[in-house]
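I sat down with this one to see how it is put together, and kept notes as I went. The entries follow the order in which I looked things up.

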Amino acid sequence: MKNKNDDNSIKVMQIRAFCMIADRGTVSAAADNLFRTQSAITRSIRDLELTLSVPLFERHASGMLLTEMGKCVLPRARRAVQELHQAPQMLHRLTLRDTARRNDAEPIWLFNLRRLHIFLALYRLHHTQSVASALGISQPAVSAALKVLEKGAGMLLFQRTPKGMMPTPAGREMAPFISRALNEIRRIPEEIAAYQGALTGTVHIGALPLCRSSLLPRAICQLLTRYPGIKVVTNESAFSALVTELRAGDIDFILGALRQDEAVLDIHNQVLFEEDLILLARPQHPLAGRPLVPADLHATQWILPRDNTPSRHLLDCAFQSLGMAVPLPMVESGDLAIVRGLLLNSDMVAAVSSHQLEYELSAGILQPLRLNLPDTRRQIGLTFRQGALHSPAAKALLQCISEVVQPV
């Protein structure tokens, strides 16, 4: 059976040959450095150009010069190869081995697209039969690929458990490198299309609660009006899960309330604006429409953000500053549909960002209570992986987000 990922796809060995020729300038020098024949290197570049439908080099008697298309492809191609080179180096550091001998060796065992897809599929699905079905290959092919990977790594990457084939610590450490490499390769055709004037591809966004109701939908609508060939996928997981996917290159960026953690060196933030938390209730609420003092909230039934979130911490501090005991919520939720429904059908009070329910406020469906919450200002913005190469589609959405935020 043929792996559906193998048909008409870029091969890792082609990318490797392309980067080496770009670095060395000639096919012969690239062949010497890669320990391959000149004809094999020439064939790799020809097949890559056929797959991408663009010329990557100008052939001259003195050597190979990158075309404009080649220059467009090179940064992402280099990044993919670098990620695969770094994976085994990380494994040897993880096991405290002497890496002097191994660091210079190329991880040829990783330079196979099907093998990489099998690794990630097993990492996510945990069963070889599920991987075989998902990729359209045989179960023995999955086992054979895993055997090659583990032999190359020099250690087990998965272990059999009652829950299936679960990644070992080494497997968990290697997964982000493989995921990032595959994502870089996947985006190469998008770079070429953008250079030719057609923005395509998919943007994956980590959408935290604050941005979901107004800011992000408006930016997406603006994006799709300009570039109907782009697809947008939002991920509403918890922040910790979103950061994991951000590190793996599976999402392009996170939008919402920023977390401040100086220890996270591979993640960086961009502030878009700041805002305070407010108290919301329905217009018919007994406390609505008049100035309040903290004592008025003594018997309030609260809807608060989930415990251990930044906004919940700010609220606890604000209540203490007002001389109030930290309230015990009847409901903890970050789901705006639930918060809205509870407020409209009860006399409960919610503490939220003003932008989270912006439409309801402007339409008078909900009303802010007249009590300021001190020191609850938060920074709202974007979280990126340090050094990430944004796809053309992601850059276009970031531009739309910037334009939507300007009035704020």
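**Entry 1: the cores**

I started with the largest nonpolar core, which has 64 residues; Phe18, Leu110, Phe119, Leu157 and Met174 touch the most other members. Helix 4, residues 68-94, gives the most to this core, with ten residues. I noted a second core lying apart from it, made of 29 residues and including Leu199, Val203, Ala219 and Ile380. A reminder to myself that this is a predicted model.

General background I jotted in the margin: in soluble globular proteins, nonpolar side chains tend to be buried together.

Then I picked Phe119 for a closer look. What does phenylalanine 119 touch, not counting residues up to four places away in sequence? I found Leu149, Leu157, Phe158, Gly171, Met174, Ala175 and Ile178. Leu157 and Met174 are in that set, and both were also on my list of core residues that touch the most other members.

**Entry 2: helix 2 against helix 3**

Another margin note: two packed helices are described by the angle between their axes and the distance between the axes. For helix 2 (residues 27-34) and helix 3 (residues 38-52), I have an angle of about 110° and axes 8 Å apart. Anything from 65 to 115 degrees counts as roughly perpendicular, so helix 2 is roughly perpendicular to helix 3.

Which residues make the contact? Helix 2 brings Val27, Ser28, Ala30, Ala31 and Leu34, while helix 3 brings Gln38, Ile41 and Thr42. Sorted by class, I get five nonpolar, three polar and no charged residues in the contact of helix 2 with helix 3.

**Entry 3: the hairpin**

Next I went to strand 1 (residues 57-60) and strand 2 (residues 63-66), which run antiparallel and are joined by four bridges. A hairpin through two residues links strand 1 to strand 2. Across the pair, arginine 59 stands opposite methionine 64 of strand 2.

Alanine 61 sits in the loop between these two strands. Is alanine 61 buried or exposed? Its relative accessible area is 94%, so alanine 61 is exposed. I also checked how far alanine 61 is from valine 339: the C-alpha atoms are 70 Å apart, with the two positions 278 residues apart along the chain.

**Entry 4: two sheets**

I wrote down one open sheet of five strands in the order 6-5-7-14-8, with mixed pairing. Strand 6 (230-235) and strand 8 (267-275) are the edge strands, each pairing on one side only. From one strand to the next, the twist averages 25°. Strand 5 (residues 201-207) and strand 6 run parallel and are joined by six bridges; there threonine 202 stands opposite lysine 231 of strand 6.

I then turned to the open sheet with the order 11-10-12-9-13, which has five strands and mixed pairing. Its edge strands are strand 11 (331-332) and strand 13 (367-368), and each of them pairs on one side only. Strand 9 (residues 277-281) and strand 12 (residues 349-353) run antiparallel, with four bridges between them. Isoleucine 278 stands opposite valine 352 of strand 12. Helix 14 (residues 336-344) packs on this sheet, where it touches strand 9, strand 10 (302-304), strand 11 and strand 12. The direction of helix 14 makes about 145° with that of strand 12.

**Entry 5: a buried arginine**

I found arginine 312 in helix 13, residues 310-321. The cut-off for buried is under 20% relative accessible area, and arginine 312 has 6%, so it counts as buried. Which residues is arginine 312 in contact with, leaving aside neighbours within four places in sequence? My list reads Leu304, Pro305, Arg306, Asp307, Pro329 and Glu332.

**Entry 6: positive phi**

Last, I looked up two backbone oddments. Histidine 126 has phi near 75°, a positive value in a residue other than glycine. I placed histidine 126 in the loop between helix 5 (113-125) and helix 6 (128-135).

Aspartate 375 is not a glycine, yet has a positive phi of about 60°. Aspartate 375 belongs to the loop between strand 13 and strand 14 (378-385). With a relative accessible area of 67%, aspartate 375 is exposed.

Notes:
Residues are numbered from 1 along each chain as its sequence is written. This is a predicted model: local features need pLDDT of at least 70, side-chain atom pairs count only at pLDDT 80 or more; totals for chains, interfaces and linings use all residues. Side-chain values use heavy atoms; hydrogens and water are left out. Buried means under 20% relative accessible area, exposed over 50%, partly exposed in between (1.4 Å probe, protein chains only). Contact means heavy atoms within 4.5 Å. A nonpolar core is a set of buried Ala, Val, Leu, Ile, Met, Phe, Trp, Tyr and Cys residues joined through side-chain atoms within 4.5 Å. Two strands pair if DSSP finds at least two bridges between them. Axes are lines fitted to C-alpha atoms, for helices over the stretch in contact, and angles run from 0 to 180 degrees between N-to-C directions. Angles under 35 degrees count as roughly parallel, over 145 as roughly antiparallel, 65 to 115 as roughly perpendicular and the rest as oblique. Ala, Val, Leu, Ile, Met, Phe, Trp, Tyr, Cys and Pro count as nonpolar, Asp, Glu, Lys and Arg as charged, and the others, Gly among them, as polar.
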